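Me: I would like to learn how to read pockets and salt bridges in a model. Can we go through one structure together?

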Amino acid sequence: MARVDVLMPQMGESIAEGTLSKWLKKLGDEVKRDEPLFEISTDKVDAEIPAPSAGVLAEIKVQEGQTVPVQTLVAVIETEKGAAKPSTPAPTAAPAAPPKPAPAPAAPSPILPPPSPSSPVPPKGDGGVETAEERLRRKSTPLVRKIAAEHQVDISTIPGTGFAGRVTKQDILGFIERGAPAPTAPGSRLPAPAPPGPVHHPVVEPWLGDRVEPFSKIRKITADHMIMSRRTSAHVTSFFEVDYSRVAELRRKHKAAYAERGVNLTYLAFIVKTCAENLRTHPVVNAAVSGDNIIYRRDVNIGIAVALDWGLIVPVVKRADELSLGGLARAINDLGERARTKKLLPDEIQRGTFTITNPGVFGSYAGAPIINQPQVAILGVGAIEKRPKVVTLPDGTDTIAIRTMGLLSMSYDHRVVDGADADRFLADVKRALEDFPEGAI
């Protein structure tokens, strides 16, 4: 009888733990090799984890909602069916290493019940009661705690961008790089900078007959991030109308050839290609703010917002300016598909320098998107459709013609991007789309 250990995988170099959010198989179920076995959540990405071997799920060591370090034994698969004992629940953890707390009440996974409000939490040093969010922030990851100890930093004073405000590696390194004052005596703590505080959503009384559902984990992260972005950046939005008739003609001529290679040639691919080339010549739009400094990014990494049934995620096309139109179309299709099937890796949703969101696919005429921090600009793509337009003929007379039109809107951070900078960038993008060269196909 062979026993195969199932371990908590490491979903990225900087990720030291994961939350088992849902079992996709029950104790005693038969499983096939590479069949999805359970779902995990980290502060970077959610993913389905496949079974490492065929057999029977004989033991479950980690229950739904538990957070454990990577390489923790999660389950045992036996190759013989008779070895499973469905009636006997497996232990959740050894007494010497109790499981880490479940996610905060405000943001459980949609498949998990919310933690009991009466669950005890350890008191804080000032005599108050520590909330679940504070407990998550304090625990963080071993790597973050190690960095904090080396620099004598109190993790609880750092605004975190991870789940429930948890401090990530990028958060603590950014805090240190911003030149926070050194402690005045051995063992003293660094004071917190003055960025926005934790997000508190107002409580509204439900009425009779209403249905109340807790935030899913991804919805909580999105909600907090959007509020934080509005607090951080001075949002301004510019709108440009684009004549896509040239792009529409090129798509008509080449779409079938692309489809034969398994690539869907969308309008979005043309827009990403044009933005990538122009971000190189407009570096202030491809930047970030760090304290009183502007970081001009070397790489052009474009995030593509993908709407999911359970929320929103932004996978990133790395070094987009180095890819051809076909390469970009393939990358966009691949990332979108893997986002919808929970196959993305943590690195594929990090290190974006500019974001594009495409609400036009749902019919939206235009919008004013919220900046994806710490970037300084985000482009919104409105619906692309045939509309009447005044055009000038070669003889100088005007006429009304049917053209393929759409609006581009760009929200930008006025702390560093002036209106003239944003409008020059958008004007160049508009010009490049309207005169897109066939040689770039």
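What follows is a short exchange on one pocket and several salt bridges.

Me: What kind of model is this?

Reply: The model is predicted.

Me: How is empty space in a protein found, and what is the volume of the second largest pocket?

Reply: Rolling a probe the size of a water molecule over the atoms shows where empty space is left. Here the second largest pocket has a volume of about 530 Å³.

Me: How many residues line the second largest pocket, and which lie nearest its centre?

Reply: The lining has 24 residues, and those nearest the centre are Leu268, Ile304, Ala305, Asn358 and Val361. By class, 16 of the lining residues are nonpolar, 7 are polar and 1 is charged.

Me: Which elements each supply at least two residues of that lining?

Reply: These are helix α6 (267-281), strand β13 (306-308) and helix α7 (325-340). The largest share, 5 residues, comes from α7.

Me: Turning to charged pairs, how many salt bridges does the structure hold?

Reply: The structure holds 23 salt bridges. One of them joins aspartate 321 to arginine 280, with the closest N and O atoms 2.7 Å apart. This pair links distant parts of the chain, 41 residues apart: aspartate 321 sits in the loop between β15 (316-317) and α7, and arginine 280 in helix α6.

Me: Why do aspartate 321 and arginine 280 count as partly exposed?

Reply: The class runs between the cut-offs for buried, under 20% relative accessible area, and exposed, over 50%. Aspartate 321 has 22% relative accessibility, so aspartate 321 counts as partly exposed. Arginine 280 is also partly exposed, because its relative accessible area is 41%.

Me: Which salt bridges lie within helix α8?

Reply: Among them are two pairs. Aspartate 421 and arginine 424 meet at 3.2 Å, N to O, and both lie in helix α8 (residues 419-434), 3 residues apart, about one turn of the helix. Arginine 431 and aspartate 428 meet at 2.7 Å, N to O; this pair is also in helix α8, with a spacing of 3 residues, about one turn.

Me: How accessible are arginine 424, arginine 431 and aspartate 428?

Reply: Arginine 424 is partly exposed at 48%. Arginine 431 is partly exposed too, at 46%, as is aspartate 428 at 24%.

Me: Which residues are linked in a network of salt bridges?

Reply: Such a network links Arg3, Glu59, Lys61 and Glu78.

Terms used: Residues are numbered from 1 along each chain as its sequence is written. This is a predicted model: local features need pLDDT of at least 70, side-chain atom pairs count only at pLDDT 80 or more; totals for chains, interfaces and linings use all residues. Side-chain values use heavy atoms; hydrogens and water are left out. On a 1 Å grid over the protein atoms alone, a cavity is a set of points where a 1.4 Å probe fits but cannot get out, and a pocket is an open set with protein on both sides within 12 Å along at least five of seven lines; lining residues have an atom within 4 Å of a point. Grid points are joined across faces, edges and corners, and a volume is the space filled by probe spheres set on the points. Helices (H or I, at least four residues) and strands (E, at least two) are DSSP runs, numbered from the N terminus. Ala, Val, Leu, Ile, Met, Phe, Trp, Tyr, Cys and Pro count as nonpolar, Asp, Glu, Lys and Arg as charged, and the others, Gly among them, as polar. A salt bridge is a side-chain nitrogen of Lys or Arg within 4 Å of a carboxyl oxygen of Asp or Glu. Buried means under 20% relative accessible area, exposed over 50%, partly exposed in between (1.4 Å probe, protein chains only).
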